[in-house]
Amino acid sequence: MSENQVVDLTPEKTPEQSLKEEVGLYLKLVRDTQGKPLNWVAQKLGYSNSFISQIEKGRAPIPLDRVLDFSLAYDLPIPEFVRIVLVTMHNDTYKALMSILENDPEMAHAAKQCHSTNDAKLRAKRRKALNPGLSSKSLDRMREFILKNQKPAYGKPMAGDA
């Protein structure tokens, strides 16, 4: 290499970083189109202007537990926006969720039932099966595992111990 050659030390963007920047730009354009100032969105979400700016530049991810709040603040369709954020900013979580839907018979059956009718009331009722809450078989198995494997506190026998 000669003395006069310029070496570009700027790291190349990964595809993931480019996607984050696209999502950030999308949010900024949506906000600008709606005439909402940055500080209005920041105040509504309880964050600093700087943090919202970092998100809109693709330099910070939207916190996973606040995706719904961001969707509402930017007036974006919740299912679509949640999927976009999961795929671009929380891909491991997205892959795990898709794996559950693809491989868990309980969830696959519930999803199929939910989408097999045009009746809105029946669909809403079936949708509850996709969010079984405290009655799911998976949670029951988890609780059984905890009870079976939990160490007794202070030497007291656990329920079911002889």
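**Exercise 1. The buried face of H3**

Task: In this predicted model, determine which residues of H3 are buried and where they lie around the axis of H3.

Solution.
Step 1. Identify the buried residues: in H3 they are Ile 52, Ser 53, Ile 55 and Glu 56.
Step 2. Consider their directions. These residues cover an arc of only 160° around the axis, which means that they lie on the same side of H3.
Step 3. Recall the geometry of the helix. An α-helix has 3.6 residues a turn, so residues three or four places apart point the same way.
Step 4. Identify the cover. The elements over the buried residues of H3 include H1, H2 and helix H4, which spans residues 67–73.

**Exercise 2. The packing of H2 against H3**

Task: Describe how H2 and H3 are oriented, and state which residues meet in their contact.

Solution.
Step 1. Locate the helices: H2 comprises residues 38–45 and H3 comprises residues 49–56.
Step 2. Read the geometry. The two helices pack at an angle of about 105°, and their axes are 8 Å apart.
Step 3. Classify the angle. Angles of 65 to 115 degrees count as roughly perpendicular, and H2 is therefore roughly perpendicular to H3.
Step 4. List the contact. From H2, Leu 38, Asn 39, Val 41, Ala 42 and Leu 45 take part; they meet Asn 49, Ile 52, Ser 53 and Glu 56 of H3.
Step 5. Sort these residues by character: five are nonpolar, three are polar and one is charged.

**Exercise 3. The surroundings of Lys 36**

Task: Establish whether Lys 36 is buried or exposed, and which residues surround it.

Solution.
Step 1. Place the residue. Lys 36 belongs to the loop between helix H1 (15–33) and H2.
Step 2. Apply the cut-off. Buried means under 20% relative accessible area; Lys 36 has a value of 13% and is therefore buried.
Step 3. List the contacts. When neighbours within four places in sequence are left aside, Lys 36 touches Arg 31, Val 41, Ala 73, Tyr 74 and Asp 75.
Step 4. Examine the contact with Ala 73. A polar atom of the Lys 36 side chain lies 2.7 Å from the backbone oxygen of Ala 73.

**Exercise 4. The chain as a whole**

Task: Summarise the secondary structure, burial and contacts of the chain.

Solution.
Step 1. Count the elements: the chain has nine helices and zero strands.
Step 2. Assess burial. The chain has 162 residues, of which 23% count as buried.
Step 3. Consider sequence separation. Among contacts with a separation of 6 or more, 42% join residues 24 or more positions apart.

Key: Residues are numbered from 1 along each chain as its sequence is written. This is a predicted model: local features need pLDDT of at least 70, side-chain atom pairs count only at pLDDT 80 or more; totals for chains, interfaces and linings use all residues. Side-chain values use heavy atoms; hydrogens and water are left out. Axes are lines fitted to C-alpha atoms, for helices over the stretch in contact, and angles run from 0 to 180 degrees between N-to-C directions. Helices (H or I, at least four residues) and strands (E, at least two) are DSSP runs, numbered from the N terminus. Angles under 35 degrees count as roughly parallel, over 145 as roughly antiparallel, 65 to 115 as roughly perpendicular and the rest as oblique. Contact means heavy atoms within 4.5 Å. Ala, Val, Leu, Ile, Met, Phe, Trp, Tyr, Cys and Pro count as nonpolar, Asp, Glu, Lys and Arg as charged, and the others, Gly among them, as polar. Buried means under 20% relative accessible area, exposed over 50%, partly exposed in between (1.4 Å probe, protein chains only). A polar contact is a pair of N or O atoms within 3.5 Å; within protein, one must be able to donate a hydrogen and the other to accept it, and residues adjacent in sequence count only if both atoms are side-chain atoms. The arc is that of the directions from the helix axis to the C-beta atoms.
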